[in-house]
Amino acid sequence: MKKDLFISLLFIHMMCMGCSKQNSTSPTPPGNSFPYPEGLSTQTIQVNNLSRKFLVYRPAGLTKPLAVVMVLHGGGGAGLDVAQPGAHPLSVFRNVADTARILVVYPEGSTDSQGNPGWNDCRNDDQSGAQGDDLSFLQQLMARLSQEMGLTANNMYLTGTSNGALMTFSYAFNFPTTIKAVAVSSGNLPLNPAPGACSNGSSISLPIMLTHGTVDPAMPADGGCVANIGGACNRGRVVSQSATLNYWLQRNNLTNVTPIVTTFNVNTNDAGNVEKRVYTGASPLVYYVLNDAGHAVPSLSVFSATTTASGAQNRDIEYATEVWKFFRGFQ
């Protein structure tokens, strides 16, 4: 009888161990336990003993996102205001999230010499840019979001514009295995990169979408000084758009691929038409050439005024929509 009792207790103990193990690996539970409220909320994370801020947009009723898309603002002052509806084309990611059932996150960069939020990207000659440890911030935030949402790297995406585009490149050099794909608007690779991963790049292919305005005055098409309004070239130098494209074609083993090319001109009153080049492969590349357009993020719905510093906006594509269309192909 004692033997039978021992076997019964052992069986119950083993069953409890199995239950405990199952609970410890369960994904983030739905409903009220979701870590972020519905709508747009301000959040923080501690990185290197500093409190770093980010915004989270959670569509109404979302309990298990299909993916997380992290959106990086540009430098020069807009910062997290890019998330406000109608204020910036990057705010359209919120509309995309509502229909796509994804979580959109807007991190805030560290401050530059003018006190504006920006990103400490791979440029080694950027004298006036942000100097914070933005790379650790983004890496730790990406890891936290992945864990909270119960998602793997296959569901994590990164996009950015201008300074945020260069920061997207920097992240792709350092942590390519933590994300599935990237997309950039108005960003060329640095001419004088910082040592380490910024200089060595990465041999790991990574799907990418690029958009470039052919007459961008802030991120010059032929390479040169970034946003060189004062003539001091204190924001560093970048390579050309074609050199940036060629790097990614080589990295993604697409140099011998003939692209599928389509052109369209939805808004005949903007700068010019769009040429879309699709390079197919295991790690595809989609390249939007915005003819006669400048630095602004292209958009059908949010207008950016033409200025000497930015040039004319292309209004033939909605950047946020095209980015998610690209990212969605990997789900």
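Visitor: How many positive and negative side chains does the chain have, and how far apart do the centres of the two sets lie?
Guide: Welcome! This is a predicted model, and its charges make a good starting point. The chain carries 20 positive side chains and 20 negative ones. Taking the centre of each set, the distance between the two centres is 12 Å.

Visitor: What secondary structure does the chain have, and why can it be called as compact as a globular protein of that length?
Guide: The secondary structure comes to seven helices and 14 strands. For 331 residues the globule rule gives 20 Å, and the chain is close to that, so it is as compact as a globular protein of that length. Its own radius of gyration is 22 Å.

Visitor: What share of the residues of the chain count as buried?
Guide: A residue is called buried when its relative accessible area is under 20%. Applied to the 331 residues of the chain, that gives a buried share of 51%.

Visitor: How much area does the chain expose, and what share of it do carbon and sulfur atoms supply?
Guide: The exposed area of the chain is about 14,800 Å². Of that area, the part supplied by carbon and sulfur atoms is 52%.

Visitor: Which elements do the buried residues of α2 pack against?
Guide: Helix α2 covers residues 92–100, and its buried residues are Val-92, Phe-93, Arg-94, Val-96, Ala-97 and Ala-100. Just after the helix, Arg-101 takes a positive phi of about 60°. The partners of the buried residues in α2 are the strands β1, β2, β3, β4 and β7, together with helix α7.

Visitor: How many disulfides are found, and what pattern do they follow?
Guide: A disulfide is a covalent bond between the sulfur atoms of two cysteines. Searching the whole structure turns up two of them. Counting bonded cysteines along the chain, their pattern is 1-2, 3-4.

Visitor: Where do Cys-122 and Cys-198 sit, and how many residues apart are they?
Guide: These two cysteines are joined by a disulfide with an S to S distance of 2.0 Å. The pair links distant parts of the chain: Cys-122 lies in the loop between β6 and α3, while Cys-198 belongs to helix α5. Both Cys-122 and Cys-198 are buried, and their separation along the chain is 76 residues.

Visitor: Is the disulfide of Cys-225 and Cys-233 left-handed or right-handed?
Guide: Cys-225 and Cys-233 are both buried, and their sulfur atoms are 2.1 Å apart. The torsion about their S-S bond is about -100°, so this disulfide is left-handed.

Technical notes: Residues numbered from 1 in each chain as written. Predicted model: local features only at pLDDT ≥ 70, side-chain atom pairs only at ≥ 80, totals over all residues. Heavy atoms only, no water. Helix = DSSP H or I, 4+ residues; strand = E, 2+ residues; numbered from the N terminus. Rg over C-alpha atoms; globule rule 2.2 N^0.38 Å. Buried < 20%, exposed > 50% of the residue type's maximum accessible area, 1.4 Å probe, protein only. Areas by Shrake-Rupley, 256 points an atom, 1.4 Å probe, with all protein chains shown as cover. Lys, Arg positive; Asp, Glu negative; His and termini not counted. Charge placed at Lys NZ, Arg CZ, Asp CG, Glu CD. Contact = heavy atoms within 4.5 Å. Disulfide = S-S within 2.5 Å.
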